[in-house]
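Please open the model in the viewer and keep the selection panel at hand. The tour below proceeds from one selection to the next.

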Amino acid sequence: RAPRKPEDRIVHLLLMQPAWWDQLTAEDHDLLHTLPSPHAELLGWLERDIVEHGPRPWAAVRTALAEDAVAAQALAALRLEDSEDFEAGPTELRLLLDGRVIAAIETRQRELALAAATDPTALDEYRRTQDRVRELKQRVEAALREASAA
């Protein structure tokens, strides 16, 4: 079996713990909705399910997913298994999300670096993104130190 991508783990964690969805930032939600297929489809389904029913336990989520053909197909594509150990907490989700946010910002920085030669506003935005990446990396490092001390 191929190693899991961070996006797979993010989806798995949120499906198992839908209550965590409301703890995410708007930036997190925006990022999650731009993930590739089938991740975005499952997270869109989850968001709608939470709005309609509130956060539900995994057994209820799994049953509802099975009743929706598109969502069931997306879930099958990820090959998530119920039998997997689920000892993760919200800190693991936060670390995974921060990693994805950093990657997205670094992609944007590459675009801005190219545009800076002809667009003076690109350099300002590049500097702001540098500050944001530095802040996120510090947060990740602190969370990892805290996790290893526990």
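Contact here means heavy atoms within 4.5 Å. The model is a predicted one.

Begin with Leu-14. Setting aside neighbours within four places in sequence, select the residues with which Leu-14 is in contact: Trp-20, Trp-21, Leu-24, Leu-32, Leu-43, Leu-46 and Leu-93.

Next, extend the selection to the largest nonpolar core, which comprises 29 residues. Leu-14 is among the residues with the most contacts inside this core, together with Leu-15, Leu-32 and Leu-65. Colour the helices H1 (6-16), H3 (39-53), H4 (58-67), H5 (69-78) and H6 (90-115); each of them supplies at least two residues of the core. Which helix gives the largest share? That share, six residues, comes from H1.

Now move to Val-101, Ile-102, Ile-105 and Val-133. These residues belong to a second, separate core, which has seven residues.

Then display the whole protein as a cartoon. Its secondary structure amounts to seven helices and zero strands, and the C-alpha trace spans about 55 × 40 × 35 Å along its principal axes. Of the contacts between residues at least 6 apart in sequence, 71% join residues at least 24 apart.

Finally, switch to the surface. The protein exposes about 8800 Å², of which carbon and sulfur atoms supply 53%. Buried residues account for 37% of the 150 residues. Select the charged side chains last: there are 19 positive and 28 negative charges, and the mean positions of the two sets lie 4 Å apart.

Terms used
Residues are numbered from 1 along each chain as its sequence is written. This is a predicted model: local features need pLDDT of at least 70, side-chain atom pairs count only at pLDDT 80 or more; totals for chains, interfaces and linings use all residues. Side-chain values use heavy atoms; hydrogens and water are left out. A nonpolar core is a set of buried Ala, Val, Leu, Ile, Met, Phe, Trp, Tyr and Cys residues joined through side-chain atoms within 4.5 Å. Buried means under 20% relative accessible area, exposed over 50%, partly exposed in between (1.4 Å probe, protein chains only). Helices (H or I, at least four residues) and strands (E, at least two) are DSSP runs, numbered from the N terminus. Accessible areas come from the Shrake-Rupley method with a 1.4 Å probe; for residues, only the protein chains shown count as cover. Lys and Arg count as positive and Asp and Glu as negative; His and the chain ends are not counted. The place of a charge is taken as NZ of Lys, CZ of Arg, CG of Asp or CD of Glu.
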